[in-house]
Amino acid sequence: MQANVVIQTAFLGDLILSIPLFKRLKETQPKLSLIVVCKKGLGDFLIQEKIADQCIEITKGDKKSYQTALNILEKFEIENIYCVHRSIRSLLFAAQIRAKKKIGFSSFFGFWVFDDQVDFADEWPEVLRIIKILETTDTVIYKSLSNVNWENLNDPNADGVLPSVPDIFAFKKKYISKVPTKKIALFPGSVWATKKWTEAGFVAVANFFLKEGYTVDLMGGPDEKQLCEQIASAAPQATLWAGRLSIAESVQAIANYDLVICNDSAAAHMASYQCTPVLTIFGPTTLNLGFRPWSNSAIIVENNGLDCRPCGKHGHQKCPLGHHNCMNLIGPQQVIDAALFLISKSYSA
Ligand code: SF4
């Protein structure tokens, strides 16, 4: 069977931001199966959403899982490999796959593996950085990227920015209008400790919306269950969902909320994918790193008065300065005001 292969073994958020690339490949090369090589646990979501035909999951550091993936790929006649993950490990993995053409982002060893090397656009939003990998094989993408209006494109708070982005870069062809449900989801977790806003802040926001008559659900993966339990103990009418849903189920559930409130984490991208309005609290990371929620209905809350931001691409497990003021100085009222503004903007029509 003939196939295209995309290697994207990064975290869930990056995988979601690769969806416009996956969709473009399916649309323009419908006769080829789309195989996505991704991180363990993330493939079901792409299959259930019918975004990929097959997902091969690998576990970082587990050589056996890479070998299993190679054995599976051996059975396909592979037209193109698109290696969007920029690690040496992914490059070495791509080197071992038989394919007519291999395309990756420019790197020191890239010439050794890739037929086409594409420059990585550091200053672009991640969706566009990723889909840029098609610029040598897809002239429409090449031309569209040349015509995008870049002004403020990294900033969701700049009104009316995303509508200038052509449909081919969007998650959905048409933006889905929502009917209000009076339900809010809070995702207080993050893989990186410094990217988490304060527990007390989430408690205050949960209690505010409960008092306003909203259903408030506490969401997240199994690692975030304990944090959500602590928040639930101080906001007892909130419902605890963390650790109870698979990734695919969480993505589906997100479609039913008026608003998602989260840190700079995968939840922001899950909400954007479902066209659910999303408020994202940025701490050690900043918008110019390229990971804005890819949505028209998004708002960012951040502390713009600190010189130490950003202090890393992902943040750290501990604040290097010890005070964690990028998050500690953001008060609940700031988040509540932004949430109410986004709700009124999203549902006023
Ligand atoms: S160094 Fe600054 S940006 Fe980094 S975690 Fe600490 S307060 Fe936040």
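Is His324 buried, exposed or partly exposed, and how many other C-beta atoms lie within 10 Å? In this predicted model, His324 is partly exposed, because 18 other C-beta atoms lie within 10 Å, a count under the 20 needed for a buried residue and over the 12 allowed for an exposed one. His324 belongs to the loop between β12 and α13 (325-328). Its phi is positive, about 55°, although the residue is not a glycine.

The loop between β12 and α13 also holds Pro310. A cis peptide bond links Arg309 to Pro310, with omega about -10°. Most residues other than glycine have a negative phi, and most peptide bonds are trans.

Lys50 likewise departs from the negative range. Its phi is near 60°, a positive value in a residue other than glycine. Lys50 sits in the loop between α3 and β3. Lys50 counts as exposed because 8 other C-beta atoms lie within 10 Å, and the limit for exposure is 12 or fewer.

The elements around that loop form a unit. Strand β2 (residues 33-39), helix α3 (residues 43-48) and β3 make a right-handed β-α-β arrangement. Strand β3 covers residues 54-58. The pairing of β2 with β3 is parallel and runs over five bridges. Within this pair, Cys38 stands opposite Glu57 in β3.

At the level of domains, the protein chain is divided into domain 1 (2-147) and domain 2 (183-347). Their centres, taken over C-alpha atoms, are separated by 29 Å. Contact between the two involves 16 residues of domain 1 and 14 residues of domain 2. On the domain 1 side, α1 (12-17), α3 and α7 (126-131) each supply at least two residues. Helix α1 gives the most, with four residues. The residues on this side comprise ten nonpolar, three polar and three charged.

A second parallel arrangement is an open sheet. Six strands are ordered β9-β8-β7-β10-β11-β12, with parallel pairing. The edges are taken by β9 (239-240) and β12 (298-302). Each edge strand has a single partner, so one side of each is left without a neighbour in the sheet. For β9, the partner is β8 (residues 215-218), and the two pair in the parallel sense over two bridges. Leu218 stands opposite Leu240 in β9. In a regular strand the side chains alternate between the two faces of the sheet.

Methods
Residues numbered from 1 in each chain as written. Predicted model: local features only at pLDDT ≥ 70, side-chain atom pairs only at ≥ 80, totals over all residues. Pairing = 2+ DSSP bridges. Right-handed = clockwise from strand over helix to strand, strands pointing away. Domains from an automatic or database assignment. Contact = placed C-beta atoms within 7 Å. Nonpolar A, V, L, I, M, F, W, Y, C, P; charged D, E, K, R; others polar.
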